[in-house]
Amino acid sequence: MAVRIHFSADDLAQVRVATEPDPMWEVLLSLHLLQTRDGPLIFDAWRRRVSGGLTAPMRCLLTLARPRGYSPDFLTPAAAAGGLDLGIDALLSTSRDRLRHDLTELAAEQSLPSWAGRLAEGDREILRHLGQAIWAYHHLALAPYRQRLQAQTTAHLAAHVRAAHSRSASALGRLMAALHPRLCWADPVLTVHGLPGDWDLHLQGRGLLLLPSFFCWRVPTLLKDPVLPPVVVYPIDHSPEILACDAGDPGASVTRRNLVALLGRTRAVLLEAVASGRTTSELARHAGIAAATVSHHTCVLREAGLIVSRRMGGSVHHTLTPLGADLLGGGPMAPATGAVPAHDTQP
């Protein structure tokens with residue numbers, strides 16, 4: 001079974017690749033995995049830790065996010081691309097028509113508790129409790145691994161996406177083949193294989209967002225309602241160490257002072273800047289030092305297993321390894337010398 005996504009010339013020019021996972025999609029997809037035995041080497045220890053910390057409100061989320069079949073589209077609003085808080089705000093503002101539509105779809109597949117009827121009518125108190133449960137679940141299940149997950153995503157994008165500068169149909173085909181084997185391009189149609197059902201989605205000038213996800217398992221997914229902003233969520237590499245048990249331990253990461261003592265201030269600043277994925281010249285501007293000096297320091301960090309460097313055309317792009325991500329903790333440091341240009345700052 002497959003979904004066929006039809007592109008126009010305008011749609012080709014509006015293909016976007018997100019630079020980080022969407023927090024609301026990660027909440028939904030991780031809730032799916034929490035209820036399965038998929039990927040035991042990667043997820044079993046994480047499942048045990050998260051399951052032991054679930055509260056009653058968090059368990060209500062499992063009713064809306066069953067591991068198989070339909071999950072309500074309103075759980076993954078497009079506004080969440082701006083962060084978890086914006087995503088929850090958008091969920092709290094979901095229209096009654098959308099709530100009723102999605103929960104009617106869900107009720108056709110499973111029996112729902114009485115509170116779901118109140119939710120379908122837009123009950124503000126139920127929506128508020130739902131938003132609080134999502135925030136608490138994210139804090140428990142996802143937030144402790146944020147640095148690692150971002151490092152994994154950045155490495156993935158460096159390997160597969162930055163080489164695809166062209167907006168041509170042939171470049172899009174190469175990009176899809178690199179992102180995931182179930183994404184198949186035959187101009188002007190992208191076929192997503194392995195999904196339940198068999199249907200066509202016409203973009204009609206809206207473009208398409210390609211969204212990387214660590215908790216998406218094996219098969220890409222997308223929203224069911226064709227009137228919503230088109231998105232394809234696809235799996236990135238699943239490294240077992242990403243969800244290692246010490247990620248949420250405050251003592252697992254060295255303190256900022258110890259990081260500087262371990263690496264030296266300049267290397268510590270460079271390591272933190274690499275967390276968002278930087279070229280050698282970008283690191284030089286960020287730290288206020290010469291590119292040759294950056295190359296020396298990145299060589300040391302690379303040999304220590306903290307970063308990965310890949311040549312992309314005329315530049316070298318640096319990303320964190322999971323070990324490098326583990327070393328980072330706390331707020332950002334100021335550059336070793338000079339000022340950080342506005343376009344180089346990161347949230």
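Modeller: A residue counts as buried when its relative accessible area is under 20% and as exposed when that area is over 50%, with partly exposed in between. The structure above is a predicted model.

Biologist: Which residues of helix α14 are buried?

Modeller: Helix α14 covers residues 291-303, and its 13 residues reach 18 Å from the first C-alpha to the last, close to the 18 Å expected at 1.5 Å a residue. Within α14, the buried residues include Val 294, His 297, Thr 298 and Leu 301.

Biologist: How wide an arc do Val 294, His 297, Thr 298 and Leu 301, the buried residues of α14, cover around the axis?

Modeller: These four are buried, and they lie on the same side of α14 because the arc they cover around the axis is narrow, at only 100°. On the other side of the helix, Ala 292 and Glu 303 are exposed. The arc of the buried group is thus 100°.

Biologist: Which residue just after α14 takes a positive phi?

Modeller: The helix α14 runs over residues 291-303. Just after α14 comes a residue with a positive phi of about 80°, and that residue is Gly 305.

Biologist: Which residue in the turn of the hairpin formed by β10 and β11 has a positive phi?

Modeller: Strand β10, residues 307-312, pairs with β11 in the antiparallel sense over 6 bridges, and Val 308 stands opposite Thr 319 of β11. The two strands form a hairpin with 2 residues between them, and the turn residue with a positive phi, of about 65°, is Gly 313.

Biologist: Which residue of β11 stands opposite Thr 279?

Modeller: Strand β9, residues 278-279, is joined to β11, residues 315-320, by 2 bridges, and these strands run antiparallel. Opposite Thr 279 in β11 stands His 317.

Biologist: In what order do the 4 strands of the open sheet lie?

Modeller: The edge strands are β2 (15-17) and β7 (221-222), each of which pairs on one side only. At one edge, β2 pairs in the parallel sense with β6, residues 208-213, over 3 bridges, while at the other edge β7 pairs with β8 in the antiparallel sense over 2 bridges. Between β6 and β8, which run parallel, there are 5 bridges. The pairing of this sheet is therefore mixed, and the order is β2-β6-β8-β7.

Biologist: Which helix packs on this sheet, touching β2, β6 and β8?

Modeller: In the sheet, Val 17 stands opposite Leu 210 in β6. The helix that touches β2, β6 and β8 covers residues 169-179, its direction makes about 25° with that of β6, and its name is α10.

Biologist: How many residues of β8 are buried?

Modeller: Val 231, Val 233 and Pro 235 point one way from β8, whereas Val 232 and Tyr 234 point the other way, and all are buried. Bridge partners stand beside β8 as well, since Pro 212 is opposite Tyr 234, and Thr 221 has Val 233 as its bridge partner. The strand is mostly covered, and the number of its residues that are buried is 5 of 5.

Biologist: How many disulfides does a search of the whole structure find?

Modeller: A disulfide requires a pair of cysteine sulfur atoms within 2.5 Å. Cys 60 is partly exposed, with a relative accessible area of 33%, and Cys 216 is buried, with a relative accessible area of 2%. Over the whole structure, the number of disulfides found is 0.

Conventions. Residues numbered from 1 in each chain as written. Predicted model: local features only at pLDDT ≥ 70, side-chain atom pairs only at ≥ 80, totals over all residues. Heavy atoms only, no water. Buried < 20%, exposed > 50% of the residue type's maximum accessible area, 1.4 Å probe, protein only. Pairing = 2+ DSSP bridges. Expected span 1.5 Å × (residues − 1). Arc of directions from axis to C-beta. Contact = heavy atoms within 4.5 Å. Axes fitted to C-alpha atoms, helices over the stretch in contact; angles between N-to-C directions.
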